[in-house]
Amino acid sequence: MAVESSSLSPISADCFAPSQGLLPLEEAWRRIAVSVSPVCAGEDCAVPQAAGRILAEPVVASLPMPPHDNAAMDGYAVSGADLAAARARGEDRIVLPVVRRIAAGDPPGEAVPPGQAVRIFTGAPLPPGLETVVMQEDCVTAQEGGQILVSLPSAVATGDNRRRAGEDVETGQTVLSPGVRLRPADVAMAAAVGRTRLRVFRPLRVALFSTGSELREPGQPLPPGCIHDSNRYGVMAMLRALGCDLTDLGILPDKAPAIRAALDGAAEDHDLVITSGGVSVGEEDHVKGAVDSLGGLHFWKLALKPGRPVALGTVRGAAFLGLPGNPVSALVTLLLIGRPLIHRLQGRAETPLVRYPLPAAFTFSKKPGRQEFIRVWTGTDSAGRLVLRAFPSQSSGVLSSMVQATGLADLSREGTGVREGETLDYIPFTEALW
Ligand SMILES: Nc1nc2c(c(=O)[nH]1)N[C@H]1C(S)=C(S)[C@@H](COP(=O)(O)OP(=O)(O)OC[C@H]3O[C@@H](n4cnc5c(N)ncnc54)[C@H](O)[C@@H]3O)O[C@H]1N2
Ligand code: MOO
């Protein structure tokens, strides 16, 4: 049963109509897209520190790029008309006096009349009158009475090796749009158009804790019946990769009052509170009840495997995400539900998961009713074609499947699985985590 409730920002209640049965993943995505609002205010950031931040303003070029016509090669700038005339005369080469030298950073100077060449270097501005650059490897120079002469091939087209002003970016062009997470090339572009600072969204503040009386910190001895907390470490790593500002609140026992108090406290100074474990239906699963009493669950129980009991809601004024405790389910639901939720809260533009259609090198059966994301990696078959291979156990408790996998393959909700040779959507982890 999917659950809904009245809500506080940042998740509006409007779209959370009650629904029977398991909620399809597509519907959960739609609800996140329409109901979750950005919560992060803008702040200034120096361009050298901006990689990984989310842009909060459009960046508009106030100058063309490049700002002037310039040489794409070290060589000699000439008039294309001089070369064309030599070709018309049947001459393979033309000899011209070299009247000037222009290096990168020099001004272009006065117009150059026909019948003259200019020594020029990559990035140097072309002087008026010359629009063609012949690379120096094709040129031969000679000294004649204090005058340098250059012999050039005539078979060079007008405009060769010229980079036009504005060919990369025109004045007034929006070079970066709000909502992008700045990659190295974006930072380079901001610098290229002269920016030293950018308006970005402040990082999303996320609090995280694990629930489970069986959990102990790594390094601690394990009493009978206990295991190490691994989810929190994987989840923290994924949240950092998504650009979040993290508070690690440790492990809580399966005790309703402790979980309620921790959620209440965390909601005060965080935008998003994430838990792992305790969202299923057992008597020891107290997270759902605590959220119900502090805000509300907007959805719970998706037609999804692994991760059916993943829960989205609000706690006081903060968004809430309850990840299922099974180690694979926690990471997969953080990727499938947490990622779009975090993107919306961060003010990031919509970034659907990147998918590559690839043939399966395995057969896998499933029951209809839940969309399944199985752990796969890419390899080659005997003919050298790229194929997907699947981990032998797809149990949501087998963390090794996530370690071996490089991504997930998406098996449709109504399907009964995949046969060897059929094409599947492959979702690589690395591209999902920028
Ligand atoms: N009767 C039912 N039982 C279960 C259902 C159900 O629908 N009916 N759903 C199953 C599914 S699917 C999942 S997924 C799990 C999720 O349950 P919880 O979120 O309540 O998780 P827990 O019960 O707390 O733990 C499940 C499993 O994972 C281990 N775990 C928990 N936290 C961690 C951690 N931080 N690091 C490593 N491992 C962790 C825990 O020890 C359990 O083995 O419920 C099914 N049950
Ligand atoms: O839906 Mo659960 O995550 O498979 O074990």
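**Helix packing, ligand shells and backbone features**

Helix α5 (residues 256-268) packs against helix α6 (residues 287-294) at an angle of about 50°, and their axes are 9 Å apart. Because an angle of this size falls neither under 35 degrees nor within 65 to 115, α5 is oblique to α6. The two helices cross in a right-handed sense. On the α5 side the contact comprises Ala256, Ile259, Arg260, Leu263 and Asp264, which meet Val287, Gly289, Ala290, Val291, Ser293 and Leu294 of α6. By class, this contact of α5 with α6 contains 7 nonpolar, 2 polar and 2 charged residues. These values, like those that follow, were computed from a predicted model.

Helix α7 takes part in two further packings. With helix α1 (residues 25-35), α7 forms an angle of about 15°, the axes being 10 Å apart. This angle lies under 35 degrees, and α1 is therefore roughly parallel to α7. The crossing of α1 past α7 is right-handed. Leu25, Ala28, Trp29 and Ile32 of α1 make the contact with Leu336, Ile337, Pro340, Leu341 and Arg344 of α7. The residues of the contact of α1 with α7 divide into 8 nonpolar, no polar and 1 charged.

The packing of α4 and α7 is likewise described by an angle of about 15° and axes 10 Å apart. That angle makes α4 roughly parallel to α7. Here, too, the crossing is right-handed. In this contact, Asn231, Gly234, Val235 and Met238 of α4 meet Pro327, Ala330, Leu331 and Leu334 of α7. The contact of α4 with α7 is made up of 6 nonpolar and 2 polar residues, with no charged residue.

Both α4 (231-241) and α7 (327-346) also contribute to the surroundings of ligand 1, each supplying at least two residues of its shell. In total, 25 residues surround ligand 1, the closest being Asn231, Gly277, Ser280, Pro324 and Gly325. Asn231 thus belongs both to the closest residues around ligand 1 and to the contact of α4 with α7. The shell around ligand 1 has 8 nonpolar, 12 polar and 5 charged residues.

Ligand 2 is surrounded by Lys305, Pro306, Gly307, Arg308, Pro324, Asn326, Ser329 and Ser396. By class, these are 2 nonpolar, 4 polar and 2 charged residues. Pro324 is found around ligand 2 and is also among the closest residues to ligand 1.

Several backbone features were identified. Most peptide bonds are trans, and most residues other than glycine have a negative phi. Lys305 and Pro306, both in the shell of ligand 2, are joined by a cis peptide bond with omega of about -5°. Pro306 lies in the loop between β19 (304-305) and β20 (311-315). A cis peptide bond also leads from Met65 to Pro66, with omega near -5°; Pro66 is located in the loop between β2 (59-60) and β3 (70-71). Asn161, although not a glycine, has a positive phi of about 60°, and is placed in the loop between β9 (147-153) and β10 (162-163).

At the level of the whole chain, the domain assignment gives domain 1 (25-40 + 203-346), domain 2 (44-65 + 167-201), domain 3 (70-163) and domain 4 (356-432). The C-alpha centres of domain 3 and domain 4 are 58 Å apart.

Notes: Residues are numbered from 1 along each chain as its sequence is written. Chains are lettered from A and ligands numbered from 1 in the order in which they are written. This is a predicted model: local features need pLDDT of at least 70, side-chain atom pairs count only at pLDDT 80 or more; totals for chains, interfaces and linings use all residues. A residue is near a molecule or strand if its C-beta atom, placed from the backbone, lies within 6 Å of it. Ala, Val, Leu, Ile, Met, Phe, Trp, Tyr, Cys and Pro count as nonpolar, Asp, Glu, Lys and Arg as charged, and the others, Gly among them, as polar. Helices (H or I, at least four residues) and strands (E, at least two) are DSSP runs, numbered from the N terminus. Domain bounds come from an automatic or database domain assignment. Axes are lines fitted to C-alpha atoms, for helices over the stretch in contact, and angles run from 0 to 180 degrees between N-to-C directions. Angles under 35 degrees count as roughly parallel, over 145 as roughly antiparallel, 65 to 115 as roughly perpendicular and the rest as oblique. A crossing is left-handed if the near helix is turned anticlockwise from the far one by less than a right angle, and right-handed if clockwise. Two residues are in contact if their C-beta atoms, placed from the backbone, lie within 7 Å.
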